[in-house]
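Visitor: I should like to request a close look at a single part of this structure. Please take one strand as the starting point and proceed outward from there.

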Amino acid sequence: MKKSPAHFPGIGTIAYEGPTTENPLAFRHYNPDELFDGKPLSEHMRFSIAYWHAFRGVGSDPFGPGTIVRPWESGKNAISVAKTRMEAAFEFFQKIRAPFWCFHDRDIAPEGASLAESNKNLDQLVAHARELQKATGVKLLWGTANLFGNPRYMCGAATNPDAHVFAYAAAQVKKALEVTKELGGENYVFWGGREGYETLLNTNLKREQDHLARFMHMAVDYAKLIGFKGQFLIEPKPKEPTKHQYDFDVASGIAFLRTYGLDRAFKFNIETNHATLAGHTFSHEIEVAAAAGMLGSIDANAGDTLLGWDTDQFNTDARELTLAMVSILRAGGLGSGGFNFDAKLRRPSVDLDDLFHAHIGGFDTYALAFKVARKILAEGKLEKFVADRYASYDSGFGREIETGRTNFRQLEKLVLTKLGEPKLRSGKQEYLENLVNRYLT
């Protein structure tokens with residue numbers, strides 16, 4: 001493949017220089033080659049770049065058009081521009097030292113006037129991506145289909161009241177699954193961007209949910225047919241853009257998947273910003289998924305608690321991410337998942353190097369959180385406190401409660417004859433919060 005000119009001139013591969021470096025284009029905490037349990041940090045973190053924000057984002061927001069203009073976006077031929085853009089992206093992936101990338105079908109290839117034309121365009125860019133992956137060693141963490149951007153999906157895709165739209169979405173996902181498999185994608189994500197409703201006045205809620213489940217079963221069946229071995233992921237998101245999203249949070253997602261017999265086929269791709277919009281903490285969503293054995297992958301970003309929309313900022317809150325990493329590590333990690341930086345530059349951040357600063361900050365904060373979380377778990381103070389707090393269930397009547405060997409009558413007799421009034425035990429919240437802060441200083 002012909003080598004393209006440098007799209008980020010003057011910026012080399014980002015090096016690890018340690019916590020004391022003053023170089024803004026260097027890692028302070030993320031050393032991809034540092035070994036933990038015999039594996040390099042890069043394999044533990046499995047960082048991925050979101051193509052849609054990093055290379056299709058233009059700095060637009062609900063109140064104004066784009067502000068970011070990239071030099072590789074010039075040209076009249078959409079396919080040629082898309083190929084040049086992809087070459088710039090893979091140059092960035094290499095320089096930022098990201099082992100993975102993620103995309104929607106419409107991120108990498110322009111949509112045509114028909115499905116056949118769109119598929120033809122996609123095939124050309126997938127072939128280009130395959131060459132670039134081979135040349136760079138960058139792999140595909142997951143693929144997905146954009147079932148929300150085109151006006152045809154204004155009332156949803158799988159939940160659309162028009163069966164024609166359902167069929168079109170099915171054809172689009174069929175193709176997206178094929179190209180994800182072709183590029184060696186390790187997961188496939190369903191994000192129901194418009195799978196919800198604006199008003200119940202025109203909505204048959206049960207029928208729409210039935211259709212969504214039928215759509216997912218079809219996807220699982222087709223994946224088996226073509227031999228796609230990747231993990232299916234569902235990404236919950238509340239509120240935006242519809243008034244009510246069917247995949248509101250992890251808990252509602254688990255209920256949906258179990259109701260329709262899909263829980264063995266799917267795990268969760270959890271996004272920090274979506275947890276915020278649902279009124280939850282990031283750690284809460286991770287713990288709910290982990291408790292069900294359905295923790296799959298992470299969309300690494302942050303929202304603004306003062307704003308009610310999806311701001312998708314780079315997360316540099318070491319405390320929040322440390323608590324999240326404690327939950328992730330306690331659950332045994334993410335398996336085939338990873339940390340995908342589904343985050344976008346702020347509207348005034350228009351320089352090429354801003355893309356590096358943003359991802360360096362994200363990589364570093366997650367790497368720091370990983371190291372601190374390992375220390376917290378290794379020392380075991382938090383784990384011991386929690387274990388002691390629930391110790392009454394480890395033996396005696398507490399154990400009988402957990403194992404189903406007692407009942408209301410027996411417990412009533414026990415309280416009346418032996419136990420009496422329970423003593424209050426402090427939850428020590430303030431002490432534990434101080435303990436966590438000591439690890440962070």
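In strand 6, which residue is the bridge partner of Ile 49?

Guide: The bridge partner of Ile 49 in strand 6 is Trp 101. It should be stated at the outset that the model is predicted. The bridge belongs to the pairing of strand 5 (residues 47–50) with strand 6, which is parallel and comprises three bridges. On to strand 7, strand 6 is joined by five bridges, again in the parallel sense. Here Phe 103 has Gly 143 of strand 7 as its bridge partner.

Strand 6 itself spans residues 100–104, and because five of its five residues are buried, the strand is largely enclosed by the rest of the structure. In a regular strand, side chains alternate between the two faces of the sheet. Strand 6 can be read in these terms: Phe 100, Cys 102 and His 104 point one way, while Trp 101 and Phe 103 point the other way, and all are buried.

Trp 101 merits separate attention. Its relative accessible area is 0%, and buried means under 20%, so Trp 101 is buried. The ring of Trp 101 pairs with that of Phe 93: the centres are 6.0 Å apart and the planes stand at 35°, so the pair is tilted. Phe 93 likewise counts as buried, at 0% relative accessibility. This pair is part of a wider setting, since a search of the whole structure finds 38 aromatic pairs. Both rings belong to one aromatic cluster, whose members also include Phe 103, Tyr 51, Phe 55, Trp 72 and Phe 356.

Close to this cluster in the description comes Ala 89, which is found in helix 3 (residues 78–96). Ala 89 is buried, with a relative accessible area of 0%. Not counting residues up to four places away in sequence, Ala 89 touches Tyr 51 and Phe 55, both of which are members of the aromatic cluster. As a measure of extent, the C-alpha atoms of Ala 89 and Val 372 are separated by 31 Å, the two residues being 283 apart along the chain.

The nonpolar cores come next. The largest has 108 residues, and those that touch the most other members are Phe 55, Phe 93, Ile 96, Trp 101, Phe 339 and Tyr 366. Helix 12 (residues 352–379) gives the most to this core, with twelve residues. Apart from this core lies another, of eight residues, among them Cys 102 and also Ala 50, Trp 52 and Leu 233. Trp 101 is thus a member of the largest core, whereas Cys 102 belongs to the core of eight residues; these two residues point opposite ways from strand 6.

The strand may now be placed in its sheet. Strands 5-6-7-8-10-12-13-14 form, in that order, a closed barrel of eight strands with parallel pairing. Neighbouring strands of this sheet are turned against each other by 30° on average, direction ignored. Beyond strand 6, strand 7 (residues 139–144) is joined by two bridges to strand 8 (residues 187–190), and the two run parallel. Gly 143, the partner of Phe 103, also has a bridge partner in strand 8, namely Tyr 188.

Further round the barrel, strand 13 (residues 295–299) is mostly covered, five of its five residues being buried. Strand 12 (residues 266–271) pairs with strand 13 in the parallel sense over four bridges, and Asn 269 stands opposite Ser 297 of strand 13. Strand 13 pairs in turn with strand 14 (residues 339–341), also parallel, over two bridges, where Ile 298 stands opposite Phe 339 of strand 14. Between these two strands the chain crosses through helix 11 (residues 318–330), and this β-α-β crossover is right-handed.

Strand 14 and helix 12 are linked by aromatic residues. Tyr 366, leaving aside its neighbours within four places in sequence, is in contact with several residues, including Ile 298, Phe 339 and Phe 341. At 1% relative accessibility, Phe 341 counts as buried, and Phe 363 does so at 0%. Phe 341 and Phe 363 form a tilted aromatic pair, 5.0 Å centre to centre with 35° between the planes. This pair links distant parts of the chain, with Phe 341 in strand 14 and Phe 363 in helix 12, 22 residues apart.

How values were computed:
Residues are numbered from 1 along each chain as its sequence is written. This is a predicted model: local features need pLDDT of at least 70, side-chain atom pairs count only at pLDDT 80 or more; totals for chains, interfaces and linings use all residues. Side-chain values use heavy atoms; hydrogens and water are left out. Buried means under 20% relative accessible area, exposed over 50%, partly exposed in between (1.4 Å probe, protein chains only). Two strands pair if DSSP finds at least two bridges between them. A crossover is right-handed if, with the strands pointing away from the viewer, the path from the first strand over the helix to the second runs clockwise. Axes are lines fitted to C-alpha atoms, for helices over the stretch in contact, and angles run from 0 to 180 degrees between N-to-C directions. A nonpolar core is a set of buried Ala, Val, Leu, Ile, Met, Phe, Trp, Tyr and Cys residues joined through side-chain atoms within 4.5 Å. Contact means heavy atoms within 4.5 Å. Rings of Phe, Tyr and Trp (its six-membered ring) pair if their centres lie within 6.5 Å; planes under 30 degrees apart count as stacked, over 60 as edge-to-face and the rest as tilted.
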